[in-house]
Amino acid sequence: MITAVERREPGADDVRLRGLVLPGFADAHSHAFHRALRGRTAAGSGTFWTWREAMYRVAARLDPDSYLALARAAFAELALAGITCVGEFSYLHHDPAGRPYADPNAMSEALVQAAAEAGIRLTLLDTVYLAGGLSGEGHLPLDDVQRRFSDGSVAAWAARVAALPARPGLLIGAAVHSVRAVPAGALADVVEAAAGGPLHVHLSEQPAENEAARAFYGCTPTGLLAEHGVLGPGTTAVHATHLTDGDLALLGGSGTAVCACPSTEAELADGIGPFGRLRDAGSPLCVGSDSHAQADLLAEARSLESYSRLATGARGTFGPGELVDALTGAGHRALGWTDAGRLAVGCRADLVAVATDSPRTAGVAPDQLVLAATAADVTTVVADGRVVVDEGRHVLGDVGTLLRKAVEPLWR
């Protein structure tokens, strides 16, 4: 923990932080196993829905051991980028046939171990997934791959999650996968079971989700979540890309946070979210790596402004300070770590040093560094007082080798 913030002469045993020092970054939305998809799905045309088929193929091949190897390497890559806390939106619960492992939380335990070994905190957003999709006629049955995502009921999901032991560096939250995967009748039960912890939900990532919800439920996905008590200050909506004016009012008026994932939204051709309008309506904004198309939260935060410029034709929707808060304080609050994301007495000692003399940052005004720096400029990362990255090298060693060894077997 930070016990003092003061100017003094450095001592011989002090850790020297070269460059501009920021609070640790919080990746508010991650699917670690998606890291195996980077550079594997980019050829040819397609949509989110065709990309999802490739994602399902990888999901079907993972077991606790391969999941641990992949998540450990993916989380180490996040640490190299200055991320000291990750929110893992986790729905790989059971074996590929949908049967529980001997330890029903074996896949969750792989994530917990991976984060601990990578040196970052974890908010495990254990995800409810009950249906295979939504059409105008109603919810669809689970397909073969989706069976491993589902506990069958909210009660069974809650019982499994309750068996996860508390540990330092771990916070257990909950997630509604989407209104496609969780029927309306189950939403209130999830809210009740998740009370006291962060609750996240994929929302309106694709127009098709909106169309199906209107056809079957007679309202938008946001309206459905509001009706069943899902929205509120403890909830984070992920993406929130395709919103009506009424949706914006519901999200902002309830204080629901929104996690933007611009690199994934671009990778999957999802669209550009109404970032500025969400902020103005009252929704705090944070950012996430989501599909791990890149591991660069500085770039994700910067995209809030650059994408808004493309969408509106105006500059300056977000100032540099707002972008820093999106990748630090707001992200930690969305993940339930209210004692992180600030350089202040009583906060966790999460420190990220960003070089000011690289080819990207040389000559940049310090208060605008977030508009120029990338993950490659992160030199030192301290998480909970522990040096995890020193001069660009992770304590686990060569992260590229770890990633290659974890990813390549999944495609053989």
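**Entry 1: the S14 and S15 pair**

I looked up strand S14, residues 386–390, and found that 2 bridges join it to S15. The two strands run antiparallel. I noted one position in this pairing: Asp 390 stands opposite Arg 393 in S15. I also wrote down that the model is predicted.

**Entry 2: the sheet around them**

Next I asked which order the strands of this open sheet have. I read it as S1-S12-S13-S14-S15, which makes 5 strands with antiparallel pairing. I then checked the edges and found strand S1 (20–23) and strand S15 (393–394) there. Each of these has a single partner strand, so one side of each is left without a neighbour in the sheet.

**Entry 3: strand S13**

I went on to S13, residues 378–383, and asked how many of its residues are buried. I counted 6 of the 6, so S13 is largely enclosed by the rest of the structure.

I followed its pairing on both sides. Strand S12, residues 351–354, is joined to S13 by 4 bridges, and the two run antiparallel. In that pairing I found Leu 351 opposite Val 382 in S13. S13 is joined to S14 by 3 bridges, again running antiparallel. Here I noted that Val 381 has Val 389 in S14 as its bridge partner.

I looked at the turn as well. S13 and S14 form a hairpin, with 2 residues between them. Asp 384 sits in this turn and has a positive phi of about 50°.

**Entry 4: the sheet of 8 strands**

I turned to another open sheet, which has 8 strands with parallel pairing. I wrote its order as S2-S3-S4-S7-S8-S9-S10-S11. Its edge strands are S2 (25–30) and S11 (285–287), and each pairs on one side only. I looked up the turn between neighbouring strands of this sheet too: on average it is 25°, with direction ignored.

At the S11 edge I checked strand S10, residues 257–260, which pairs with S11 in the parallel sense over 3 bridges. Cys 259 stands opposite Cys 286 in S11.

**Entry 5: strand S4**

I then asked how many residues of S4, residues 121–128, are buried. I found 8 of its 8, and I put the strand down as mostly covered. Both faces are covered. On one side I listed Arg 121, Thr 123, Leu 125 and Thr 127, and on the other Leu 122, Leu 124, Asp 126 and Val 128.

For the pairing of S4 with S3 (residues 83–90), I noted 6 bridges and a parallel run. Cys 85 stands opposite Arg 121 in S4.

**Entry 6: helices H2 and H14**

Last I looked at two helices. I first reminded myself that two packed helices are described by the angle between their axes and the distance between the axes. H2 (residues 64–80) and H14 (residues 399–407) pack at an angle of about 150°, and their axes are 8 Å apart. Angles over 145 degrees count as roughly antiparallel, and that makes H2 roughly antiparallel to H14. I recorded their crossing as left-handed.

I asked which residues make the contact. From H2 I listed Ala 69, Leu 70, Ala 73, Ala 74, Ala 76, Glu 77 and Leu 80. From H14 I listed Val 399, Leu 402, Leu 403, Ala 406 and Val 407. Sorted by class, the contact of H2 with H14 has 11 nonpolar, no polar and 1 charged residues.

Note on methods: Residues are numbered from 1 along each chain as its sequence is written. This is a predicted model: local features need pLDDT of at least 70, side-chain atom pairs count only at pLDDT 80 or more; totals for chains, interfaces and linings use all residues. Side-chain values use heavy atoms; hydrogens and water are left out. Axes are lines fitted to C-alpha atoms, for helices over the stretch in contact, and angles run from 0 to 180 degrees between N-to-C directions. Angles under 35 degrees count as roughly parallel, over 145 as roughly antiparallel, 65 to 115 as roughly perpendicular and the rest as oblique. A crossing is left-handed if the near helix is turned anticlockwise from the far one by less than a right angle, and right-handed if clockwise. Contact means heavy atoms within 4.5 Å. Ala, Val, Leu, Ile, Met, Phe, Trp, Tyr, Cys and Pro count as nonpolar, Asp, Glu, Lys and Arg as charged, and the others, Gly among them, as polar. Buried means under 20% relative accessible area, exposed over 50%, partly exposed in between (1.4 Å probe, protein chains only). Two strands pair if DSSP finds at least two bridges between them.
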